[in-house]
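Here is a quick tour of a two-chain model. Have a look at the picture, and then we'll walk through a hairpin, a chain contact and a helix pair.

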Amino acid sequence: MCTYVTTTTEASGSAYRGDDWFRVDRAVVYFDHPQDAPLDHALCIDVWGDRERVAVELDAPSARRLAESILAILDHDEVKVLT
Amino acid sequence: MSDAIVAQSTTIVGHGGDEIEAYEAHPLDGSGQPSVVVLHHMPGFDRATKEIVRTFAVYGYATLMPNLHHRYAPGAKAGDAAAAARDAGGVPDEQCLGDVRGAVDTLRARPESNGKVGVIGYCSGGRQTFLVACSLDVDAAVDCYGGRADIDLAPNLRCPLLGLFGVEDQSPSPADVAAMTSALEANGKTFDFHSYDDAGHAFFSVDRPSYRLDASKDGWKRIWDFFGTQLGGE
């Protein structure tokens, strides 16, 4: 099924596309058919800067582990004081 | 008659007079050709769907697939254009209808055309196919597992409809297919729905784990029979 389930959030920073970095301003997160991953559905993230992006497609357990890892890092005592 | 086909990228005039990319394939020669518009799935104007376009040409159909994501990233790869369309909020139905109208007009204007044009779409293209069949002057339509079809449009269906679904699909679910069946029956429409056991969404997709050989083979046979009858194909 096409879920069309999509969220767009502001993002500030840079992304690397293999030959250079570019500034990014938003991230589009969705769960739908992937372009490449051998999955029926994937958690997809497009981090955009103007008209270029970096993209990842992960199975749901991987995406959940990634999200938990990000939150664990951000919630670390040594990190909290810096954010 | 030769069995050669021509397949190439081209440009058509779509919604609002915009020039958009399309992929065409048709028999190299022969007159009285039926035509088909192919509507790609959510991942876009990709290699696998272009292969479907060429398959229709091999079976004698002049075929066009408008790139519904073209405006969002002209010249980009299918995946980037699909992502750009999603980033922009998706393809509006009116824009889709305008682009398909352009494809239908282009096909009917070919001197080799027999005047008959069908439409087939997969996944999100299946939903759009139903929208087209309820909105434009086409002669036959095939909805391949299009979820979220607007059931309220059922009274407006203008042409015979073939629907191919998987019972393991969640959108359209068996309940969705049953509800559409009831709506079409209540409105006296001509349609033929088939739901395959052991198949879910995207069972025609040979490059995805959802591919199901038996459902795909039977589905293709039904497509050839249906378009053959409705469009005068092989």
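Two strands count as paired here if DSSP finds at least two bridges between them. Keep in mind that this is a predicted model.

**The hairpin in chain A**

With that in hand, take S1(A) and S2(A): they run antiparallel, and ten bridges join them. One of the pairings puts Thr6(A) opposite Tyr30(A) in S2(A) as its bridge partner. The two strands make a hairpin with four residues between them, and Gly18(A) in that turn has a positive phi of about 110 degrees. S1(A) is hardly covered, by the way: of its twelve residues, the count of buried ones is zero.

**Where the chains touch**

The contact draws 16 residues from chain A and 17 residues from chain B. On the chain A side, these strands each give two or more residues:

| Strand of chain A | Residues spanned |
|---|---|
| S1(A) | 5–16 |
| S2(A) | 21–32 |
| S3(A) | 42–49 |
| S4(A) | 52–58 |

S2(A) gives the most to this side, with three residues. By class, the chain A side splits into eight nonpolar, four polar and four charged residues.

**A helix pair in chain B**

Over in chain B, helix H3(B) (residues 93–108) packs with helix H4(B) (residues 124–133) at an angle of about 70 degrees, their axes 10 Å apart. H3(B) and H4(B) are therefore roughly perpendicular to each other. Asp93(B), Cys96(B), Leu97(B) and Val100(B) of H3(B) meet Gln128(B), Leu131(B) and Val132(B) of H4(B). That contact has five nonpolar residues, one polar and one charged.

Conventions
Residues are numbered from 1 along each chain as its sequence is written. Chains are lettered from A and ligands numbered from 1 in the order in which they are written. This is a predicted model: local features need pLDDT of at least 70, side-chain atom pairs count only at pLDDT 80 or more; totals for chains, interfaces and linings use all residues. Two residues are in contact if their C-beta atoms, placed from the backbone, lie within 7 Å. Ala, Val, Leu, Ile, Met, Phe, Trp, Tyr, Cys and Pro count as nonpolar, Asp, Glu, Lys and Arg as charged, and the others, Gly among them, as polar. Axes are lines fitted to C-alpha atoms, for helices over the stretch in contact, and angles run from 0 to 180 degrees between N-to-C directions. Angles under 35 degrees count as roughly parallel, over 145 as roughly antiparallel, 65 to 115 as roughly perpendicular and the rest as oblique. A residue is buried if 20 or more other C-beta atoms lie within 10 Å of its own, exposed if 12 or fewer, and partly exposed in between; C-beta atoms are placed from the backbone.
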